[in-house]
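Here is my note on the model you sent. Please read it with the structure open beside you.

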Amino acid sequence: SFVVLYPCLLVTLTISEPSKVRLVNGTSRCSGRVEVLHNQQWGTVCDDGWELTNAQVVCRELGCGIALAAPQGAKFGQGNDPIWLDDVKCKGTEAALHDCPSAWGTNNCHHGEDAGVECAEPPEIRLSNGPNHCAGRVEILHEKLWGTICDDDWDIDDAKVVCQYLGCGNALSAPHGSRYGPGGNPIWLDGVNCTGSETAISKCPAKHGEHDCNHSEDAGVVCAGYTTLLTSFVPPELRLVDGSTRCAGRVEVYHNKEWGTVCGADWDLNDANVVCRELECGTALKATGGAQFGQGSGTIWLDRVNCTGKEAFLNECLKRPWGEHSCDHSNDASVECSVTLTISEPNKVRLVNGTSRCSGRVEVLHNQQWGTVCDDGWELTNAQVVCRELGCGIALAAPQGAKFGQGNDPIWLDDVKCKGTEAALHDCRLKSWGEHNCNHGEDAGAVCSGVYLGGVIYNGFGD
């Protein structure tokens with residue numbers, strides 16, 4: 001038996017959904033007085049407790065990059081409509097201002113205390129021709145003209161800077177070869193070399209206006225995004241077979257509707273690290289040829305794979321064309337990763353009432369009975385552990401307030417405190433089972449990036 005884990009490449013953010021927050025009276029759409037929509041009427045936010053973490057959520061929700069300031073005292077003028085929110089307390093990781101703790105219509109303020117936001121506007125970068133504003137061809141604004149970036153040296157560190165600047169979360173992929181179609185304007189940058197810590201692509205070393213590329217080499221980006229709609233648009237490509245755990249075995253890739261193997265020639269730890277990362281299996285411990293986990297049968301799809309180790313997906317590494325090789329199955333490549341959960345171990349956590357098995361209300365198994373988790377202290381680090389345990393990729397959101405409906409069974413856990421690196425929710429700091437001060441209106445949820453297999457959501461466990 002074997003296990004297949006595939007992080008879905010995307011995701012998120014439906015651009016057709018109307019925003020419930022706006023910025024008014026600023027110098028652009030990304031600065032101004034904060035106004036929120038409630039009961040079909042726009043109103044303001046009181047500046048009591050208004051901080052940069054709140055402003056960050058507003059900037060992210062509006063696709064305006066990072067927050068620069070959170071002005072108080074009606075800096076952008078006083079509103080005239082209801083003061084809808086007061087004492088807003090965002091952590092800074094929420095997808096929308098509506099997700100932050102606050103009380104609607106309850107305040108002790110006047111419009112001289114209207115809150116404002118200033119985001120990193122005007123944006124100098126955008127993603128074009130993708131399914132949403134968090135994936136697409138990378139374009140930058142220079143001399144009042146949008147242009148593209150050549151994919152020479154383009155990698156996940158460069159993509160990370162783009163995603164964070166746009167408020168789109170972590171970078172999932174840095175596609176080469178004009179995956180989102182060729183641009184038509186100048187190629188403004190080549191040889192971009194970010195460390196991943198820069199606040200904007202303009203701060204990364206690069207050749208400006210000088211290149212040896214054409215638009216068939218336009219760089220792209222796929223970001224995790226921040227909202228809850230899951231759309232799997234890239235098919236699965238990778239699995240480990242015939243190992244004793246879900247994170248060890250013969251490497252097999254999917255191409256032309258057929259699973260096949262990888263030649264072990266030049267196969268090394270850099271290649272294996274990409275496999276382990278893609279499968280959410282930690283880091284690589286071993287990278288071997290010689291069919292260590294037995295010989296495959298079928299096409300040898302890849303040969304002379306040469307990863308740097310930074311790629312998010314094996315398909316991004318340099319390699320010979322698909323199906324071209326000088327190998328036989330006696331040299332099939334294998335990988336052993338640091339995560340060692342056995343494929344036969346049953347899940348003690350599940351997600352219920354969501355759009356797929358990778359989103360929903362969190363339920364845990366205790367004393368042979370399923371129950372819920374209270375949302376006190378429920379954060380993205382907790383959701384990350386749930387997503388990892390279920391083989392559902394990365395965590396996109398950690399909804400509170402029974403977003404996926406209220407459960408009826410015991411509330412088993414409260415005040416869960418995960419670091420985010422644990423293999424299972426049971427490994428996190430927990431109170432005594434069944435000890436809580438909650439009701440089912442506080443049931444916690446999780447939204448993961450998802451896994452995808454052959455057109456259906458797959459449950460992540462072999463037979």
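The numbered points below start with confidence and overall make-up, then turn to salt bridges and two helices.

1. Confidence. This is a predicted model. The mean pLDDT of the chain is 81, and 86% of its residues reach 70 or more. Two stretches call for care. Residues 226-236 have pLDDT below 50, yet this stretch makes 45 contacts in the model beyond near neighbours in sequence. Residues 451-463 also fall below 50, with 39 contacts of that kind.

2. Overall make-up. The chain has 26 strands and four helices. It runs to 463 residues, and 54% of them count as buried. Take the contacts between residues at least 6 apart in sequence: 72% of these join residues at least 24 apart. The exposed area of the chain is about 19,500 Å². Carbon and sulfur atoms supply 48% of that area.

3. Salt bridges, and a buried pair. The structure holds 14 salt bridges. One joins the side chains of Arg 33 and Glu 35, at 2.9 Å from N to O. Are these two residues buried or exposed? Both Arg 33 and Glu 35 are buried.

4. Arg 126 and Glu 139. Their side chains form a salt bridge at 2.8 Å, N to O. Arg 126 sits in strand S8 (residues 125-132) and Glu 139 in strand S9 (residues 135-142), so the bridge ties together parts 13 residues apart in sequence. The two ends differ in cover. Arg 126 has 34% relative accessibility, so it counts as partly exposed. Glu 139 has 7%, so it counts as buried. The cut-off for buried is under 20%.

5. Arg 239 and Glu 252. This salt bridge spans 2.7 Å, N to O. Arg 239 belongs to strand S15 (residues 238-242) and Glu 252 to strand S16 (residues 248-255), so here too the pair ties together parts that are 13 residues apart in sequence. Arg 239 counts as buried because its relative accessibility is 12%. Glu 252 counts as buried because its value is 6%. What else joins in? Asp 242 and Arg 250 are linked with Arg 239 and Glu 252 in a network of salt bridges.

6. Helix H2. Why call H2 largely enclosed by the rest of the structure? The helix covers residues 156-165, and eight of these ten residues are buried, so the description holds. The buried set includes charged side chains, Asp 157 and Asp 158. It also includes Ile 156, Ala 159, Val 161, Val 162, Cys 163 and Tyr 165. Look at the start of H2 as well. There, a side-chain oxygen of Asp 155 comes to within 3.1 Å of the backbone nitrogen of Asp 157.

7. Helix H4. H4 (residues 380-389) is mostly covered, with eight of its ten residues buried. Those buried are Asn 382, Ala 383, Gln 384, Val 385, Val 386, Cys 387, Arg 388 and Glu 389. What covers them? The cover includes four strands: S21 (349-353), S22 (359-366), S24 (395-397) and S26 (445-448). After H4 comes Gly 391, with a positive phi near 65°.

8. What to keep in view. Read any detail at residues 226-236 with the pLDDT below 50 in mind. The same goes for residues 451-463, where pLDDT is also below 50.

Technical notes
Residues are numbered from 1 along each chain as its sequence is written. This is a predicted model: local features need pLDDT of at least 70, side-chain atom pairs count only at pLDDT 80 or more; totals for chains, interfaces and linings use all residues. Side-chain values use heavy atoms; hydrogens and water are left out. pLDDT is the predictor's confidence in each residue, from 0 to 100. Contact means heavy atoms within 4.5 Å. A salt bridge is a side-chain nitrogen of Lys or Arg within 4 Å of a carboxyl oxygen of Asp or Glu. Buried means under 20% relative accessible area, exposed over 50%, partly exposed in between (1.4 Å probe, protein chains only). Helices (H or I, at least four residues) and strands (E, at least two) are DSSP runs, numbered from the N terminus. Accessible areas come from the Shrake-Rupley method with a 1.4 Å probe; for residues, only the protein chains shown count as cover. A polar contact is a pair of N or O atoms within 3.5 Å; within protein, one must be able to donate a hydrogen and the other to accept it, and residues adjacent in sequence count only if both atoms are side-chain atoms.
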